[in-house]
Amino acid sequence: MSLEMYLDLFSQPCRSVYIFAKKNDIQFDYKKISLFEGYQYSEEYGKINLLRKVPAIKDGDFCLAESVAIMLYLAEKFHTPDHWYPADLQKCARVNEYLSWQHSAIRIHGSKMFWFKLLIPKALEVEIPKEKMDNAVEDLNASLNLFEEKFLQDRPFIVGDQISLADLVAIVEIMQPVGAGMDVFENRPKLKAWKDRVRAEIGAELFDEAHQAILYAQEAVKTMDPKKMEHFKPKILRYFLS
């Protein structure tokens, strides 16, 4: 029975799962889907993931959603190297600490910047009020400061000398605003050096492949059909601008 992965590499969590599987030579059937096309709302996808989000996997008759849960499942099933999710109690706790924190910090603020600077004004043709944009930039910078001061400190990686799931989840989120033209690494030498180490550990070719879609997002949005976004527009504007 083949392992199926339902992924859209515009999505940060999808990139983390994709990179983790590829880096660890986990064989899978790549089911490429497009969130902007609305495939997640199809009847077929509902049978895989009733949450209507990506990523999702189907391993035989077993379906699983949520990127962190998926990567932990893959780590356990395929016995990936210990450094990804250490057996050491305190190192594992550090990974869990970051994974628990990032949902309401780096993830939400990095994602918001991508929508504010690119998708909402360009694809949905709605202008972002200056105050909301300024607040979003301030929130993202505050999260990046905490990332450097609390989670990275003076270590090569979040847990220490080796890359872990915490670094992988962090880098895909921090790269998201870059896709909208915001260089979050400018004037942040510590963050830039960490990013370079993570890219080297993952492998430059795999890192760049996984981020190709997001780094070309400014070009891709020019060819998006606004009519296809109409279905999502009220929900998106309510979520980000209400």
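Q: What makes S1 and strand S2 (residues 29–32) a pair, and in which sense do they pair?
A: Strands are said to pair if DSSP finds at least two bridges between them, and S1 and S2 have four, in the parallel sense; they therefore meet the definition. One of the facing positions is Met5, which stands opposite Tyr30 in S2. The strands themselves are DSSP runs (E, at least two residues), as helices are (H or I, at least four residues), both numbered from the N terminus. This is a predicted model, in which local features need pLDDT of at least 70 and side-chain atom pairs count only at pLDDT 80 or more, while totals for chains, interfaces and linings use all residues. Residues are numbered from 1 along each chain as its sequence is written, and side-chain values use heavy atoms, with hydrogens and water left out.

Q: How do you know in which sense S1 and strand S3 (residues 56–59) run?
A: Four bridges join S1 to S3, and the two run antiparallel. Within this pairing, Tyr6 has Ala56 as its bridge partner, and Glu4 stands opposite Lys58. S3 in turn pairs with strand S4 (residues 62–65) over four bridges, again in the antiparallel sense, with Asp59 opposite Phe62. Two residues lie between the strands of the S3 and S4 hairpin, where Gly60 takes a positive phi near 70°.

Q: What makes strand S1 (residues 3–7) mostly covered?
A: Five of the five residues in S1 are buried, where buried means under 20% relative accessible area, exposed over 50% and partly exposed in between, with a 1.4 Å probe and protein chains only. Leu3, Met5 and Leu7 point one way from the strand and Glu4 and Tyr6 the other way, yet all are buried.

Q: Why is Glu148 called buried or exposed?
A: The relative accessible area of Glu148 is 11%, so the residue is called buried. Glu148 belongs to helix H6 (residues 130–152), and a polar contact of 2.6 Å joins its side chain to that of Arg188. The name polar contact applies to a pair of N or O atoms within 3.5 Å; within protein, one must be able to donate a hydrogen and the other to accept it, and residues adjacent in sequence count only if both atoms are side-chain atoms.

Q: Why is Leu50 called buried or exposed?
A: Leu50 has a relative accessible area of 69%, so it is classed as exposed. The residue sits in the loop between helix H2 (43–46) and S3.

Q: How do you know which residues touch the most other members of the largest nonpolar core?
A: A nonpolar core is a set of buried Ala, Val, Leu, Ile, Met, Phe, Trp, Tyr and Cys residues joined through side-chain atoms within 4.5 Å. Among the 83 residues in the largest one, Tyr98, Ile120, Phe147 and Trp194 touch the most other members. Helix H5 (residues 106–123) gives the largest share of this core, nine residues, and at least three residues come from each of domain 1 (3–80) and domain 2 (89–241). Nonpolar side chains tend to be buried together in soluble globular proteins.

Q: What makes domain 1 and domain 2 residues in contact, and how many take part?
A: Contact means heavy atoms within 4.5 Å, and 20 residues of domain 1 are in contact with 28 residues of domain 2. The domain bounds come from an automatic or database domain assignment, and the centres of the two domains, taken over C-alpha atoms, are separated by 19 Å.
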